[in-house]
Amino acid sequence: ANYTESPLRAFENELGVQAPVGYFDPMGLSKDGDVETFRRRREAELKNGRVAMFATIGYMVPEYFKFPGYLAPSSNLKFADVPNGIAAITKVPAEGWLQWVALCGCYEFCVNTPVDPAEPGNYGKGKLGYGNMVLGITAEPMQDAEARKRALNSELANGRLAMMAIVGLWVQDGLFGTPYGLYTGSNAFETELGVQPPVGFWDPLGFTKTDDVASFRRRRYVELKHGRVAMFACLGYIVPEYYRWPGDLSPSLGLKFSDVPTGFAAFSKVPLSGWAQMVAFAGTVELFQYVDDPKRAPGDFENAGFLGIPNGFVKAPAATKEKKLAAEIANGRLAMMAIIGMFFQNGLTGEAWGDWSLYTDSPLRALTPAQEAIAGTGGPFPEDFWDPAGITNGKSKEEILNLRAMELKHGRVAMLAVLGWFHVAAGYHIIGDYAVGEHLDN
């Protein structure tokens, strides 16, 4: 707090330094400590904030009230005919824009003249800027210094909020065509199944922006198919950890179900004839059992019953069908993410549910023989090796041990220095006390 000469702190006592961020200048615009530049920016901030507050009010008020009568009698244009928001730009005649520009110019160059260069934004107009020489309103400044400071801080804060608000209103107006336009959907598929909280309709890559119904239907069909396969695949990873069929998988090879490992390792165990059977079965289901019907919803097969049981006689109740279909899409999406995670874990650790400690080839975890000399002695956990800056990369064992010796020496000196600092701060001066034979409190 005593480092008052810091150029980063030259303006920390100015108005606008408020909780929770305090002095906020992430771009370092004021780091040079230039007072004139700071005042110019502060005046611009105040001016933009005041205009933004008026602009925000200008967006709100016309939703509830508009002046009666004509805006431009010669053009037969009434105030009620002017839409709110950006659309008003096309309605107001050129004469109206010229009047606005003239009024703003008059205030900018003639009316609002600075009273004190050391106080940017103060034009001598009193509380809320009521003072007006044309209307004869006397500008009475606030007498209570603390109340005045609080009011000026509030103006800055409200102006900043208004600048953010008006930009938000412009974006909303531009996207939806009205100042308070509701998000009613950007394309034709916002009401389809799968549009669920918290993200709603989620298409960051814009696949559906063409509103092509055939393409959407094909993608939804593919999504459902992948999701269903992924759910079966996740079950195929989980169930064998707890249960396997008894008996032989391949009697001719003497291969039992219990001999087949879970995950990728099963590829090398299942015989070729077994793979041929699985491909044939999947092909039969794809080509003959579950055939897409363009007249039905994607993934809705007439000969599939509850939970997709082939030719099932149990049908989902009509009242809950839509909810269950939405749940299927959500579960399928989750399963696609889950099975990818299982694949990675299986591939990297060598086991379907492998321990990540088995991933010894990780470039983040592999240590050189030289680094092994100090492994487990520098991190918060016994097995940690912490070197985010890569200082030990390419170093010999002797060099690494030398770095560790330097680290220990600096740490010991720093600990003694901290203890010395605390003792002095508490009023104890060990050497001085010993020299004079009594405790010095100064």
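Visitor: How much area does the protein chain expose, and what share of that area do carbon and sulfur atoms supply?
Guide: In this predicted model, the protein chain exposes about 32300 Å², of which 64% is supplied by carbon and sulfur atoms. Of its 442 residues, 21% count as buried, a class that requires a relative accessible area under 20%.

Visitor: What secondary structure does the protein chain have, and in which pattern?
Guide: The protein chain has 8 helices and 4 strands, and read along the sequence these follow the pattern α-β-β-α-α-α-β-β-α-α-α-α.

Visitor: How do you know that the span of helix H4 agrees with its number of residues?
Guide: Helix H4 covers residues 213–238, which is 26 residues, and at 1.5 Å a residue it should span 38 Å. Its end C-alpha atoms are 37 Å apart, and therefore the two values agree.

Visitor: What makes Asp212 a cap of H4?
Guide: A side-chain oxygen of Asp212 lies 3.1 Å from the backbone nitrogen of Ala214, at the N-terminal end of H4. Since a polar contact needs N or O atoms within 3.5 Å, the 3.1 Å separation meets that limit.

Visitor: Which residues make up the largest nonpolar core?
Guide: This core consists of 7 residues, namely Ala230, Cys234, Tyr237, Ala335, Ile339, Met342 and Ala352. Both H4 and H6 supply at least two residues each to this core. Among the buried residues of H4 are Ala230, Cys234 and Tyr237. Leaving out residues up to four places away in sequence, Ile339 touches Ala230, Ala233, Cys234 and Tyr237.

Visitor: Why is Ala233 called partly exposed?
Guide: Ala233, which lies in helix H4, has a relative accessible area of 27%. That value falls between the 20% and 50% limits, so Ala233 is partly exposed. Its C-alpha atom is separated by 6.9 Å from that of Ile339, although the two residues are 106 residues apart along the chain.

Visitor: What makes Ile340 partly exposed?
Guide: Ile340, in helix H6, has a relative accessible area of 43%, which again lies between 20% and 50% and therefore gives the class partly exposed. Ile340 and Ala230 are 110 residues apart in sequence, while their C-alpha atoms are 9.0 Å apart in space.

Visitor: How do you know whether Asn346 is buried or exposed?
Guide: Asn346 belongs to helix H6, residues 318–349, and its relative accessible area is 4%. This value is under 20%, so Asn346 is buried. A polar atom of the Asn346 side chain lies 2.8 Å from the backbone nitrogen of Phe264. Apart from its neighbours within four places in sequence, Asn346 is in contact with Tyr237, Thr262, Gly263, Phe264, Glu351 and Ala352.

Visitor: How many aromatic pairs are there, and why is the pair of Phe264 and Phe267 called tilted?
Guide: The count comes to 10 aromatic pairs. The ring centres of Phe264 and Phe267 are 6.4 Å apart, within the 6.5 Å limit, and their planes stand at 40°, which is neither under 30 nor over 60 degrees, so the pair is tilted. Ring pairs also link Tyr237, Phe264, Phe267, Trp275 and Phe343 into a cluster.

Visitor: Why does Phe267 count as exposed, and why does Phe264 count as partly exposed?
Guide: Phe267 has 52% relative accessibility, a value over 50%, so Phe267 counts as exposed. Phe264, at 32% relative accessibility, lies between the two limits and therefore counts as partly exposed.

Notes. Residues are numbered from 1 along each chain as its sequence is written. This is a predicted model: local features need pLDDT of at least 70, side-chain atom pairs count only at pLDDT 80 or more; totals for chains, interfaces and linings use all residues. Side-chain values use heavy atoms; hydrogens and water are left out. Rings of Phe, Tyr and Trp (its six-membered ring) pair if their centres lie within 6.5 Å; planes under 30 degrees apart count as stacked, over 60 as edge-to-face and the rest as tilted. Buried means under 20% relative accessible area, exposed over 50%, partly exposed in between (1.4 Å probe, protein chains only). Accessible areas come from the Shrake-Rupley method with a 1.4 Å probe; for residues, only the protein chains shown count as cover. The expected span of a helix is 1.5 Å times one less than its number of residues. A polar contact is a pair of N or O atoms within 3.5 Å; within protein, one must be able to donate a hydrogen and the other to accept it, and residues adjacent in sequence count only if both atoms are side-chain atoms. Contact means heavy atoms within 4.5 Å. A nonpolar core is a set of buried Ala, Val, Leu, Ile, Met, Phe, Trp, Tyr and Cys residues joined through side-chain atoms within 4.5 Å.
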